[in-house]
Amino acid sequence: MGLLDGLRVLDLTMWRPGPYATQLLAQQGADVIKVEPPGGEPMRMFRGHFDLLNQHKRSIALDLKDAAGRARCLDLAAGAEVFVEGFRPGVADRLGVGHEALLALNPGLVYCSLSGYGADGSLSAVPGHDVNYRAYAGALLDGTPSHELPVADMAAATMAAFAISAACLKARATGIGERVDLGMADVMAHWVGTAPEMPTAGSGGPVPGYGVYTAKDGGQVALGVVSEERLWAATCRALGLTEHVDVPFAERLGRVRELDAAVADAIARLGRDEAVDLLDAAGAPVAPVLARAEMMAHHHFQARGVIGDGTVGAPFRTAVHPGLPPGPVAELDEHRGQGW
């Protein structure tokens, strides 16, 4: 019995954003029917990616350009509580499954449209993918940490809103409260787990001891020292930089290049895992820069259920109504004829 057990979701989305959104719902118990075009969603050609985003859903193939297919879709929408589509603006209307048509059919329906630039505005009709949206949004990173969007912060906040909303829905229905356990690293691991590859990290940072540093063996180490005196001191002690242990933050800001170079040189004399072990033992804010395969095998994410058996679980944990573990992916049109 998940947080969203019994929630009926009709999913007409393809590729990544919509399927990931509806999989989050399915992992918490929602009944998701995935409506695919004849021949299936194009992403099925990339099963390694498709399967990560479409677990715990049913599949029905419908041709919305055909009267019978459209009628079947409307019949399902009449009994759904949520409808999600990812068409370009105006396409859903032309297919007869637009917002106004479905609300007239089902006044209580939650209708969600996912598109690149929104349903209106000067860019609404412009085609694109992730790189285009990030470029327009000023979020196409240039590789320098000082200009990075705080993705972990923002992702965790968004995921928390989702988890809280889901828990509130269940609490209202059952009178039973919930504890949401959400780790920022869990969310990041979940994101990376659903992507085939991750770009190589950059290096350098706005203050000494903040950034990505290359070790002797070519591995990389991420340090997160900002203003904290104790974290700076721990880093210096671990790396043998005793002459810099007591340099205060204000002074460090004026000696960024010099002090950061000292940190980089010290790490460059160590292997990645050796540097991580030394820094971690000293209490420094350190992490190895893991490849996707390393992250997928990491005991922390395995133990928390974010990753399991080479696929992704739920990105947060609940105590009373646990989400579903990694599960099956429907074959195209496997659930033909089924309803709610």
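**A parallel sheet, its covering helices and selected loop residues**

Helix 3 (residues 67–79) lies across strand 1, strand 2, strand 3 and strand 4, and runs at about 145° to strand 1. The model described here is a predicted one, and its protein chain holds 14 helices and twelve strands. Of the 340 residues in the protein chain, 42% are buried. When contacts between residues at least 6 apart in sequence are considered, 69% of them join residues that are at least 24 apart.

The strands crossed by helix 3 belong to an open sheet of five strands, arranged in the order 3-2-1-4-5 with parallel pairing. Strand 3 (57–61) and strand 5 stand at the edges of this sheet, and each has a single partner strand, so that one side of each is left without a neighbour in the sheet. On average, and with direction ignored, neighbouring strands of this sheet are turned by 20° against each other. Strands of a sheet pair through backbone hydrogen bonds, in either a parallel or an antiparallel manner.

Within the sheet, strand 1 (residues 8–12) is joined to strand 4 by four bridges in the parallel sense, and Val9 stands opposite Val82 of strand 4. Strand 1 also pairs in the parallel sense with strand 2 (residues 31–36), again over four bridges, where Arg8 has Asp31 of strand 2 as its bridge partner. Strand 4 in turn runs parallel to strand 5 (residues 110–113), to which four bridges join it; here the bridge partner of Val84 is Cys112 in strand 5. Strand 4 (residues 82–85) is covered on both faces, since Val82 and Val84 on one side are buried, as are Phe83 and Glu85 on the other.

Burial is also pronounced in helix 1 (residues 17–27), which is mostly covered, with nine of its eleven residues buried. The buried residues of helix 1 are Gly18, Pro19, Tyr20, Thr22, Gln23, Leu24, Leu25, Ala26 and Gln27. Just after helix 1, Gly29 adopts a positive phi of about 105°.

Two packed helices are described by the angle between their axes and by the distance between those axes. For helix 9 and helix 12 (residues 272–282), the packing angle is about 135° and the axes are 8 Å apart. Because angles over 145 degrees would count as roughly antiparallel and 65 to 115 as roughly perpendicular, helix 9 and helix 12 are classed as oblique to each other. The crossing of helix 9 and helix 12 is right-handed. In this contact, Ala234, Thr235, Ala238 and Leu239 of helix 9 meet Leu278, Leu279 and Ala282 of helix 12. The residues of the contact divide into six nonpolar and one polar, with no charged residue among them.

Helix 9 (229–239) also precedes a loop, leading to helix 10 (249–254), in which His244 is placed. With a relative accessibility of 11%, His244 counts as buried, since the limit for this class is under 20%. When residues up to four places away in sequence are not counted, His244 touches Trp232, Cys236, Arg255, Glu258, Leu259 and Ala262.

A second buried loop position is Gly209, which has a relative accessible area of 0% and is found between helix 8 (184–193) and strand 7 (210–214). With residues up to four places away in sequence again left out, Gly209 touches Leu223, Gly224, Val225, Trp232 and Asp260. Trp232 is thus a contact of Gly209 and also of His244. The C-alpha atoms of Gly209 and Leu259 are separated by 8.0 Å, although the two residues are 50 residues apart along the chain.

Positive phi values also occur at two residues other than glycine. Asp309 has a phi of about 55° and is found in the loop between strand 10 (307–308) and strand 11 (311–312). Asp309 has a relative accessible area of 81% and is therefore exposed, the limit for this class being over 50%. For Asp333, which is placed in the segment after strand 12 (316–318), phi is near 65°.

Technical notes:
Residues are numbered from 1 along each chain as its sequence is written. This is a predicted model: local features need pLDDT of at least 70, side-chain atom pairs count only at pLDDT 80 or more; totals for chains, interfaces and linings use all residues. Side-chain values use heavy atoms; hydrogens and water are left out. Buried means under 20% relative accessible area, exposed over 50%, partly exposed in between (1.4 Å probe, protein chains only). Contact means heavy atoms within 4.5 Å. Axes are lines fitted to C-alpha atoms, for helices over the stretch in contact, and angles run from 0 to 180 degrees between N-to-C directions. Angles under 35 degrees count as roughly parallel, over 145 as roughly antiparallel, 65 to 115 as roughly perpendicular and the rest as oblique. A crossing is left-handed if the near helix is turned anticlockwise from the far one by less than a right angle, and right-handed if clockwise. Ala, Val, Leu, Ile, Met, Phe, Trp, Tyr, Cys and Pro count as nonpolar, Asp, Glu, Lys and Arg as charged, and the others, Gly among them, as polar. Two strands pair if DSSP finds at least two bridges between them.
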